[in-house]
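Me: Please look at the model below with me, since I would like to know how each term applied to it is justified.

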Amino acid sequence: MANKTLCIDVTKCTGCRGCQVACKQWNQLDAEILPFNGSYQTHEGTGPQTFTIVSMNEREVNGKMDWLFAKKQCMHCIDAPCVKVCPTKALSYSEFGAVTRDLSKCIGCKYCVAACPFGIPKYRKDLDKVTKCSLCSERVAEGLTTACAKTCVTGAIQFGDRDELLAAAEARVQELQKTNPDAQVYGKTEVGSGTNVIYVLGDKPEAYGFPKDAKAPAHIGVWQNAIQPYAGWLVAAAAAGAFVSFFTTRIFKAGQATHAEGGKSHDH
Amino acid sequence: MTTERVERFKFSARFAHWGHTVTFLVLLFTGLTLYSDWFSFLIPIFGGREGAQLVHRIFAIGFTVIPIVCLIANPGGFVQWLKDVISWTWDDIKFIMVFPLEFFGLPVKIPPQGQFNGGEKMNSMVTTTSCVLLALSGYIMWFPQAFPMGLVRSAYPIHDICMVLATTMVCMHAYLGSFHTGSGESFWGMWKGTVRSDWAAHHHAKWFRQITDKDANSHHQYQWQRGAGK
């Protein structure tokens with residue numbers, strides 16, 4: 001099945017946060033009411049009951065206030081570190097390539113929280129589970145679009161076939177580069193083989209708070225690819241050695257005077 | 001022949017040893033359920049993954065508290081043991097080199113050993129280091145929000161590596177302390193605290209000389225050594 005992708009053109013985003021509301025509504029998430037922290041941005045990032053968040057970065061360009069909006073949620077990496085580390089397989093890929101979570105399998109160990117290069121999954125204390133966006137897998141399975149794409153009034157959020165959206169995003173970037181030389185597609189090759197959320201950015205990724213060089217953390221390579229599958233054989237070797245020794249010591253002993261039972265024969 | 005015995009391990013050392021035996025094994029088997037699917041058959045024993053997680057955390061506290069209690073109860077002995085196992089002599093290195101043959105029952109000449117032979121020193125060093133790192137990395141993973149992300153990430157491979165190293169040593173150690181024909185009294189040293197003197201003289205000659213010289217000077221119960229016992 002072809003990958004279904006969310007394409008977010010932040011240059012068309014007006015920061016209305018309709019997607020945040022639609023997401024909460026569809027996923028039946030409560031409001032997470034936090035104190036005002038000096039920004040229009042509602043939350044610092046995703047939260048246990050906030051799967052998507054429009055980040056609002058303020059900056060000054062030529063003495064004028066410039067506001068950068070970017071809807072953020074799980075990036076649905078094609079080669080996802082969180083899926084790799086999840087010990088109970090609660091995180092897995094849907095048939096459309098989204099990273100879905102089976103809460104009944106999640107034990108709240110938070111390995112995925114440490115593995116995610118984007119800091120997306122969040123631990124939900126009342127459930128003792130880790131939650132995040134599932135790219136509306138339940139909706140997509142029924143042929144619908146995601147809740148956020150459905151509600152987006154400016155058409156900044158598109159949902160569909162990855163290859164088509166990627167081609168459209170690249171064409172859009174070509175256009176943007178006439179006025180925004182740093183405009184680029186983000187998510188094409190991030191985290192190794194790309195993500196199932198791609199962005200059309202009007203500026204460098206860092207300007208929107210995206211990691212510049214997003215990749216799987218090094219510990220996953222060491223831990224998951226090298227140690228976990230093979231290191232256990234060291235234990236097996238020790239156990240096998242003991243097993244062999246149990247017999248060989250008794251075989252060799254048969255012909256020898258023994259000191260085993262307490263050194264009664266001190267003649268050797 | 002009367003069997004004279006000498007004290008090998010004080011109660012605090014034995015308590016730490018067996019306390020860690022129980023807690024380590026429970027921690028190992030609860031932890032393995034997450035390490036590999038091979039061990040998923042263990043999950044129902046602990047009442048599901050959540051149960052295994054809870055048991056793991058309860059025993060983790062025991063695992064941490066036991067050595068601390070023993071350190072407080074007998075600081076001198078604890079420090080002496082650590083000092084012993086990190087001080088290596090040429091005899092210990094020779095022991096490590098020839099022991100693989102002895103392990104499989106081949107006759108070898110083993111140099112005289114102190115209270116801990118080279119193998120026991122290696123075991124103590126590896127398991128102690130592993131235990132400390134296991135505990136530290138474990139608490140970091142338990143409370144990830146209290147630590148920087150880089151530290152949390154490194155805790156996973158460290159926990160695994162130390163688990164594998166410690167379990168490897170435990171496999172060898174458990175066998176050598178029980179069914180290995182050359183080890184004899186060593187089990188009772190850790191169980192009852194005392195070992196037969198002739199065994200001590202044979203297996204830990206340097207240590208035996210040390211304790212008997214001290215005791216001989218004070219005219220203690222080891223006078224048998226000058227003729228009586230043999």
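Reply: Helices and strands are taken here as DSSP runs (H or I over at least four residues for a helix, E over at least two for a strand), numbered from the N terminus. This is a predicted model, in which local features need pLDDT of at least 70 and side-chain atom pairs count only at pLDDT 80 or more, while totals for chains, interfaces and linings use all residues. Residues are numbered from 1 along each chain as its sequence is written, chains are lettered from A and ligands numbered from 1 in the order in which they are written, and side-chain values use heavy atoms, with hydrogens and water left out.

Me: What does the secondary structure of chain B come to, and what pattern does chain B follow along the sequence?

Reply: Chain B has 9 helices and 2 strands, in the order β-α-α-α-α-α-α-α-β-α-α, and its C-alpha atoms fill a box of roughly 65 × 40 × 35 Å along the principal axes.

Me: What makes a set of points a cavity rather than a pocket, and how many cavities of 30 Å³ or more does the structure hold?

Reply: On a 1 Å grid over the protein atoms alone, a 1.4 Å probe fits in a cavity but cannot get out, whereas a pocket is an open set with protein on both sides within 12 Å along at least five of seven lines, and lining residues have an atom within 4 Å of a point. The structure holds 5 such cavities, and the largest has a volume of about 760 Å³, a volume being the space filled by probe spheres set on grid points that are joined across faces, edges and corners. Among the 32 residues lining the largest cavity, Y111(A), G31(B), H56(B), M141(B) and H159(B) are closest to its centre. Helix 1 (11–35) of chain B is among the helices that supply at least two lining residues, and its 9 residues are the largest share.

Me: How do you know how the lining of the largest cavity divides by class?

Reply: Ala, Val, Leu, Ile, Met, Phe, Trp, Tyr, Cys and Pro count as nonpolar, Asp, Glu, Lys and Arg as charged, and the others, Gly among them, as polar. On that basis the lining has 20 nonpolar, 9 polar and 3 charged residues.

Me: Which residues lie nearest the centre of the second largest pocket?

Reply: They are G232(A), V235(A), Y35(B), W38(B) and F39(B), out of 19 lining residues, and the pocket has a volume of about 410 Å³. Helix 1 of chain B gives the largest share of this lining, 6 residues, and by class the lining has 15 nonpolar, 4 polar and no charged residues.

Me: Why is the pair of Y111(A) and Y156(B) described as it is?

Reply: Rings of Phe, Tyr and Trp (its six-membered ring) pair if their centres lie within 6.5 Å, and planes under 30 degrees apart count as stacked, over 60 as edge-to-face and the rest as tilted. The centres of Y111(A) and Y156(B) are 4.5 Å apart and the planes stand at 70°, so the pair is edge-to-face. The pair crosses between chains, from helix 3 (residues 111–115) of chain A to helix 6 of chain B, and the whole structure has 16 aromatic pairs over all chains.

Me: What does G209(A) touch?

Reply: Contact means heavy atoms within 4.5 Å, and G209(A) touches N57(A) and K72(A), residues up to four places away in sequence not being counted. G209(A) is found in the loop between strand 10 (197–201) and helix 7 of chain A.
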